[in-house]
Amino acid sequence: MNAKIMLSEFRLKWVDLFMVFVNVPIVILLTNINQAVSILVSVFLNLFYLFLLTSNVKKSLVLEALIYVINLTADHLSDIILRLSHFNIPYIVSFIMIQALFMPILYLIVRNNKESEFENLVGISKLETSLSVLILIVFGILMTFTEILSGNKLDNLIYNLLILVMASLILLVIHFSRIKDLEKNFDLQKKELQIKNNNRYIHEMEKHYNELRKFRHDYQNTLLSLDEYIRTDDIQGLKKYYNAEIKPISSKMGQEKYKLEDISKVGNKELKSIFFNKLYSAQLEGINVSFESKNEIKNFHTDTLDLAVAMGIILDNAIEETKEQDHGVIQVGIIDVDTEIMIIVQNSVRDNELPVWKMKRAGFSTKGASRGMGLSNLTEIINRNKNLMLETMKVNNNFLQKITIEVGDIKDD
Amino acid sequence: MIDIFVCEDNYKQLNEIVSYINNYVLIENLDMELKLATSDPYRILNYLEKNDTEKSLYFLDIGLSSDIDGIELAKKIRKNDFDSKIVFITTHSEMVFLTFKYQIEALDYILKDFPDEIQGKVTRAIDLCNEQFQKKESKSEEYYQIKTGDQLKSVKISDILFFESSPVPHKVIVHLMNGQFEFYNTMKEIESENEKFFRCHKSYVVNVDNVESINRQTRKITMSDGEIIFSSVLGCRTLVKMKNNN
């Protein structure tokens, strides 16, 4: 039960049946024969069950250690309470009651952690795994020995409980300090990345600026030579010069190098950075990209970090799809009207008959589950921000994702 | 009769486009007429205020020497004349493709950077415009109108598969043959808006015409694009009855 709460997994699965119908009877049967053996067996069975549930060895080890510690605490507490109070309730009832008390507390803790969404990023380290295994072994031995050697004496029980609580506290302190450390590192990494991205942008801008300077130089020279042709009335020469020199320049202007310049109109650092970096890397992959925005947009009327993550997911999907095409195209545009801002990402798709709902479904992709995860994150972000709306369409071999930001509501208040 | 309007501030280009249009209309003997060719966007707006146009085609330059540009002009024309066809005349550097397509829903665009292609693009736009108006007249397709923010979207009823309620209150996701999008409405309201819409589940309103099959045991409904949604017991029974009556 506790395991399930920790995993925030509330749906029933067939492995739960295994837990109820295999693990529990075996453990109860063994308890009647030998307590130490039964504890050992139950630990292994639980481990197996957790592994089935999470399909992750490290995670199940850590979880099992936690559950074992909680069970032990509950077991000791109920033992002590029973002895001290001389109540005549069966041991098992009080044990379950205390367990039930632990559950909501556990749930609250897990939920708080989930909200920070940090656990998922960090994962479980080797240190934690080995620590949990150590705890399992040490406490296992400690409990068996004290129980076997000196029986269930009250003193022993209280000492054991004290050791248990102390150890748990120490571990908790270590854990939290480690998380804080990791968080700091994570922030630092994010800032570093941001600086790197900004530098890339500045570098690109400088390159453009230099090109512009060269262009201005060429332009002045061109005007001078035109002047010369006109002054001497050399129309034939002018024609020749126009076709040879001016026409090629004019066609060069439309080349893709300049297609991202509208990104400068995005008045938000996170978004500017995500648009530029994704589209720039797409361009390096040989994808034909363009970005357009008629007006400068300073206020996006929503959580721009969320919006940047959402755009990242959409653009990643677009790049993934188009980089395998011969002439892949990604077009991004921001359109702002009085009451809303629309961000459109359109990419070419290979000719297939797949309906949109299949493309959107989580986990659908030949490239593994990560892409599906991205799309469900996208849905989550859209639902979390009240004034965002998502549109997904497939029109004439183009896949279109559009996020609409309603600005009307917010302007009012 | 389709009225044609041209707005371009370069006289040379204006005359060029006007001559292409006139020639094509004359040669092909089309039911079209050039009503106004001007460099001043306000002349077009004035004309529209004073006259009624039934069907119209606009060729608009983006960079106008006026306080509004071609896109602003197109927006104003659209407000007045929802069904009009708009073609933009532009250069590569002014090109805002997605804005043309999704904000103005332009019919096409003509790039000035390729002077040799202008004539072909003009005649193609005229053909396309004719074709679209004819298509609209021949088919009396039923449309469902959805308001999303500033825009009014017309969706063919036959394209609508079902509506799904979103976890966010008052937000509904409409699933179409070729995509899906969100808008603000309530399931109750939607069900009452068309007789083909039926609320088969707390969070679904289906378009009965696009229900492919109903499984009464599992209470699963398969839509015509293969997507599967759930139904309530009662909804299932009513839906089977509705399908049988059709």
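**Notebook: chains A and B**

I started at Thr304(A), which lies in helix α11 (residues 304-322) of chain A. Helices here are DSSP runs of H or I with at least four residues, strands are E runs of at least two, and both are numbered from the N terminus. Thr304(A) comes out as buried because its relative accessibility is 17%. My cut-offs: buried is under 20% relative accessible area, exposed is over 50%, partly exposed is in between (1.4 Å probe, protein chains only). Leaving out residues up to four places away in sequence, Thr304(A) touches Asn268(A), Glu270(A) and Leu271(A). Contact means heavy atoms within 4.5 Å.

Note to self on provenance: this is a predicted model, where local features need pLDDT of at least 70 and side-chain atom pairs count only at pLDDT 80 or more, while totals for chains, interfaces and linings use all residues. Residues are numbered from 1 along each chain as its sequence is written, chains are lettered from A and ligands numbered from 1 in the order in which they are written, and side-chain values use heavy atoms, with hydrogens and water left out.

**A loop in chain A**

Next I looked up Asn352(A), which sits in the loop between β3 (340-348) and α12 (356-360) of chain A. Its relative accessible area is 31%, so Asn352(A) is partly exposed. I also checked its distance to Asn397(A): the two are 45 residues apart along the chain, and their C-alpha atoms are separated by 8.0 Å.

**Salt bridges**

Side chains of opposite charge can pair when their charged atoms come close. I counted a salt bridge as a side-chain nitrogen of Lys or Arg within 4 Å of a carboxyl oxygen of Asp or Glu. Searching the whole structure gave me 23 of them over all chains.

I then went through a few in chain A. Glu228(A) bridges to Arg231(A), with the closest N and O atoms 2.8 Å apart. Both lie in helix α8 (residues 154-231) of chain A, three residues apart, about one turn of the helix. Glu228(A) is partly exposed because it has 39% relative accessibility, and Arg231(A) is exposed because it has 61%.

Helix α13 (residues 370-384) of chain A holds another pair, Glu380(A) and Arg384(A), four residues apart, again about one turn. Their closest N and O atoms are 3.8 Å apart. Glu380(A) is partly exposed at 43%, and Arg384(A) is partly exposed at 45%.

What about Glu391(A) and Lys402(A)? Their side chains meet in a salt bridge at 3.5 Å, N to O. This pair links distant parts of the chain: Glu391(A) is in strand β4 and Lys402(A) in strand β5 (residues 398-406) of chain A, eleven residues apart. Are they buried or exposed? Glu391(A) is buried, since its relative accessible area is 8%, and Lys402(A) is buried too, since its relative accessibility is 6%.

**Where B meets A**

I moved on to the interface. I find 32 residues of chain B in contact with 33 residues of chain A. The chains bury about 2900 Å² between them, 53% of it on carbon and sulfur atoms. Buried area is the accessible area (1.4 Å probe) that two parts lose on being put together, summed over both. In chain B, Leu98(B), Tyr102(B) and Gln180(B) lose the most area to chain A, together 21% of what that side buries.

How many salt bridges are there between chain B and chain A? I get three. One joins Asp69(B) to Lys294(A), with the closest N and O atoms 3.4 Å apart. The elements of chain B that each supply at least two residues of the side touching chain A are α3 (70-80), α4 (97-104), β7 (151-156), β9 (171-176) and β10 (179-184). I also noted a network of salt bridges linking Lys294(A), Asp69(B), Glu72(B) and Lys75(B).

There is strand pairing across the interface as well. Strand β4 (residues 388-395) of chain A and β10(B) run antiparallel, joined by three bridges. I count strands as paired if DSSP finds at least two bridges between them. Met393(A) stands opposite Gly179(B) in β10(B).

**Strand β6 of chain B**

Last lookup: strand β6 (residues 143-148) of chain B, where the side chains alternate. Tyr144(B), Ile146(B) and Thr148(B) point to one face and are buried, while Tyr143(B), Gln145(B) and Lys147(B) point to the other and are not. β6(B) pairs with β7(B) in the antiparallel sense over six bridges. Lys147(B) has Leu152(B) as its bridge partner in β7(B).
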